[in-house]
Amino acid sequence: MPRLARVRREPRGGIVRENPVALIEAGLVHSCSPSARAEGVARGIRLREAQLRCPALVVLPYDAALDARAFEPVVRAIEAAVPGVQLVRPGTLAMRARGPVRYYGGEEAAARALLATAAEAGVEAAQVGIADGPFAAEQAARGTRSGEAVGIVPAETSAAFLAPLPVRLVADARTATLLNRLGVRTLGEFAALPEADVRRRFGAAGAFAHDLAAGREATRVVPRTPPPEFAVEQEFEPPLDRVDQLAFAFRVRADEFVDRLRASRLVCTALRIDLDDERGGHSSRAWLHPRWFTAADVVDRLRWQLQGAASAEAGLASPVVRVRVVPERVDSTGDHEDGLWGGGPDERIHHGLTRVQSLLGHDAVVTAAIGGGRMLADRQVLVPWGDRAPTASTAPWPGSLPTLAPASVFRERPAVRLLDAAGESVAIDARGSVSAPPATFAFAGGAPGPVTAWAGPWPIVERWWDAEHARRVHRFQIVDGEGCAWLLVLGEGGWQAEARYD
């Protein structure tokens, strides 16, 4: 059987290793730092149990996309040194060891060369395992002792090496529990069972696990085809500290970015711009586009990210030394082709709005979207043209209006008068009782008119635990003499009109 090597790194390399950190997925520990493992935290246990074992545990959600994106530079660096690399998962690589061993003159030398390559890529705690199969090689990498980074299993001894390991490494939780009840607790004991009986009792999955436990791996390394590199970056020496200079200097790279995508018949609909300044600061922001990015659009996003609310001629707090543009979402050009007779009015509207946005800034052109909230004004969300609209919250909002919302909503609620038959302002006590039925209504200082129907009040209590930001108002609905319905609120400022049912 050919010798295989597996390279492993610690999860989430950007986290400080001294802190106990755990990444959580679906309420279970997906991966953890060495300091967390020293406290008893292990992969697969529940979050509550992990926090019980390590009270100082730093809990972060596991982001598979972020993990893959962070590990991609490491994969590319190792592919440059050793071709034929298979990405098992973010953090784990597999490769055939025969080529590197011949080149470097031995398994130990090849493993040390891989570790040096990983260290140059920013992974200083990598581990290498060499064995007859991928599974045994991974266990060899995981089983390296403290102070050692290379685990080598001699040829034809994988079964003996795997024998003392727990059976849960090859079986799912249910099967592992059943095997433990039957007295089969190690891979060696599992491998000693008759193969036919294992297949009859546990099926194809059990037979596959039995082969792993016995060191009879049929799995082969399938090298990946490296994806094309679309990201572009530019370093500035000397660093530039003016927005207009940076935008002008990056134009050529922006054209190169779009041309790379076009050569693969792709367009970019979402990208990320990373900025590094002279003081060591880092700025990163994702940008969306309603259609796809052109070179001018890329330069505009760079300029907006640099200048913020300042002008294009403004100076930066610290000169920029590096700009990198990475596509986060690409799509086929066939999905964005114009129709037989062009795009029509929609295309002209897009070009017009994009031109205005380019001249006035990112927040100068906005579109309306519906968000979550109890008050109608809170649900009005203005999104810059091209950005993703917020997802409407499905959480319950006690006190919010049901469907058939008013057509006209006042962002600045005008003052109104709601009087009873005696000419006194209608009041609502702490129990929600109305002092007297409303009789007349006047909007924004106008002449009062009769109230033909009314309903309410409905109390709204927000942030009652925060004395500074707490809000308590009462909603009220009325119909005036002209048949127009109004939605009123009574708060500390008196009666105000929140909306009108046109």
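User: What joins the side chains of Asp276 and Arg322?

Analyst: Asp276 and Arg322 meet in a salt bridge, with an N to O distance of 2.7 Å; the rule asks for a side-chain nitrogen of Lys or Arg within 4 Å of a carboxyl oxygen of Asp or Glu. Asp276 sits in strand E10 (residues 266-277) and Arg322 in strand E12 (residues 315-332), so the contact ties together parts 46 residues apart in sequence. Helices (H or I, at least four residues) and strands (E, at least two) are DSSP runs, numbered from the N terminus.

User: What should I keep in mind about the model itself?

Analyst: This is a predicted model, in which local features need pLDDT of at least 70 and side-chain atom pairs count only at pLDDT 80 or more, while totals for chains, interfaces and linings use all residues. Residues are numbered from 1 along each chain as its sequence is written, and side-chain values use heavy atoms, with hydrogens and water left out.

User: Is Asp276 buried or exposed?

Analyst: Start from relative accessible area: buried means under 20%, exposed over 50%, and partly exposed in between (1.4 Å probe, protein chains only). Asp276 counts as buried because its value is 18%. There is also a wider setting, since Asp276 belongs to a network of salt bridges with Glu233, Arg322 and Arg324.

User: How many salt bridges are there by this rule, and which elements does the pair Arg89 and Glu138 link?

Analyst: The count comes to 21 salt bridges. In one of them, Arg89 pairs with Glu138, and their closest N and O atoms are 2.4 Å apart. Arg89 comes from strand E5 (residues 85-89) and Glu138 from helix H6 (residues 134-142), so distant parts of the chain, 49 residues apart, are linked. The two ends have their own surroundings: Arg89 is partly exposed at 32%, whereas Glu138 is buried at 8%.

User: Where do the partners Asp300 and Arg303 lie?

Analyst: Both are in helix H13 (residues 295-307), three residues apart, which is about one turn of the helix. The closest N and O atoms of Asp300 and Arg303 are 2.7 Å apart, forming a salt bridge. Asp300 is buried, with a relative accessible area of 9%, and Arg303 is buried too, at 14%.

User: Which residues touch the most other members of the largest nonpolar core?

Analyst: A nonpolar core is a set of buried Ala, Val, Leu, Ile, Met, Phe, Trp, Tyr and Cys residues joined through side-chain atoms within 4.5 Å. Here the largest has 27 residues, and Phe250, Phe257, Leu271, Ile273, Val298, Val323 and Val325 touch the most other members. Two or more residues each come from strand E9 (232-242), helix H11 (243-249), helix H12 (251-263), E10, H13 and E12. H13 gives the largest share, six residues.

User: Let's turn to the backbone. Which peptide bond is cis, from Glu237 to what residue?

Analyst: The bond from Glu237 to Pro238 is cis, and its omega is near 5 degrees. Pro238 belongs to strand E9.

User: And what is the phi of Glu156 and of Arg265?

Analyst: Glu156 is not a glycine, yet its phi is positive, about 65 degrees. Look for Glu156 in the loop between strand E8 (150-152) and helix H7 (158-162), where it is exposed at 65% relative accessibility. Arg265, also not a glycine, has a positive phi of about 60 degrees. Arg265 lies in the loop between H12 and E10 and counts as exposed at 64%.
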